[in-house]
Amino acid sequence: MIVRDATEADAQALAAIYGDAVLHGFGTFEEEPPTAADMDARRRAVQAQGLPYLVAEEDGQVLGFAYAGPFRPRAAYRYTLEDSVYVSPDAKGKGVGRAVLAAVIAACEALGIRQLMAVIGDSENAGSIGLHRSLGFEQTGVGRSVGFKHGRWVDIVHMQKPLNGGDTLAPDGGGVTLTGH
């Protein structure tokens with residue numbers, strides 16, 4: 001398995017993997033699967049900010065993807081990003097999520113990011129919660145019943161991982177450019 005930057009050529013695979021999560025899971029609160037063109041636009045937007053959007057591939061097949069985007073739009077959040085990770089149903093439990101998320105974490109560290117957040121759909125999402133915990137994230141809270149999907153109320157689990165010393169030192173770089181008010 002290799003982990004590499006996602007490209008336009010991956011758009012269909014990204015849409016298929018994410019679409020499955022939309023239709024059958026609670027990891028995302030979207031209810032309509034985006035098209036390949038939509039997924040490619042999202043990828044381009046993340047990469048245009050200099051942020052990681054990576055895929056895990058084996059034998060030419062994309063098995064999963066992960067990326068880090070702005071946590072919130074206001075400037076004070078410029079040292080904090082939020083990760084997202086999705087794995088093909090056939091590849092779950094085979095280390096794909098761990099490989100691609102670990103690479104995103106390393107890329108965030110290289111950017112000088114200080115906090116990496118995960119907002120995980122469904123407090124029963126043991127796979128994603130366990131993956132994040134295994135990579136050093138700690139649970140910081142639960143939003144109870146904040147979404148309604150597939151006929152039931154769904155929680156979100158907040159997890160956080162400090163990077164580059166976290167809040168023990170003042171930032172030494174400019175962070176991510178954010179323009180929110």
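Reader: What makes you say that the charged end of Arg152 sits over the ring of Phe26?

Author: That charged end is 4.0 Å from the centre of the Phe26 ring. The term asks for NZ of Lys or CZ of Arg within 6 Å of the ring centre and within 35 degrees of the ring normal. So Arg152 counts as sitting over Phe26. Arg72 does likewise with Phe71, at 4.3 Å from the ring centre. Keep in mind that this is a predicted model, where local features need pLDDT of at least 70, side-chain atom pairs count only at pLDDT 80 or more, and totals for chains, interfaces and linings use all residues. Residues are numbered from 1 along each chain as its sequence is written, and side-chain values use heavy atoms, with hydrogens and water left out.

Reader: Why is the pair of Tyr18 and Tyr86 called edge-to-face?

Author: Rings of Phe, Tyr and Trp (its six-membered ring) pair if their centres lie within 6.5 Å; planes under 30 degrees apart count as stacked, over 60 as edge-to-face and the rest as tilted. The structure holds seven such aromatic pairs. For Tyr18 and Tyr86, the values are 4.9 Å centre to centre and 90° between the planes, so edge-to-face it is.

Reader: And what makes Tyr53 and Phe65 stacked?

Author: Their planes are 5° apart and their centres 5.8 Å apart, so the pair meets the stacked rule. Tyr53 lies in strand 2 (residues 53-58) and Phe65 in strand 3 (residues 61-70), so the pair ties together parts twelve residues apart in sequence. Strands (E, at least two residues) and helices (H or I, at least four) are DSSP runs, numbered from the N terminus. Ring pairs also link Tyr53 and Phe65 into a cluster with Tyr18, Tyr67 and Tyr86.

Reader: How do you know that Tyr53 counts as buried?

Author: Buried means under 20% relative accessible area, exposed over 50%, partly exposed in between (1.4 Å probe, protein chains only). Tyr53 has 2% relative accessibility, so it counts as buried. Phe65, with a relative accessible area of 1%, is buried too.

Reader: Why do you say the buried residues of helix 4 line one face?

Author: In helix 4 (residues 126-134), the buried ones are Ser128, Ile129, Leu131 and His132. Seen down the axis, they fall within an arc of 160° (taken from the directions from the helix axis to the C-beta atoms), so they line one face of the helix. On the other side, Ala126 and Gly127 are exposed.

Reader: What follows helix 4?

Author: Gly136 does, with a positive phi near 95°.
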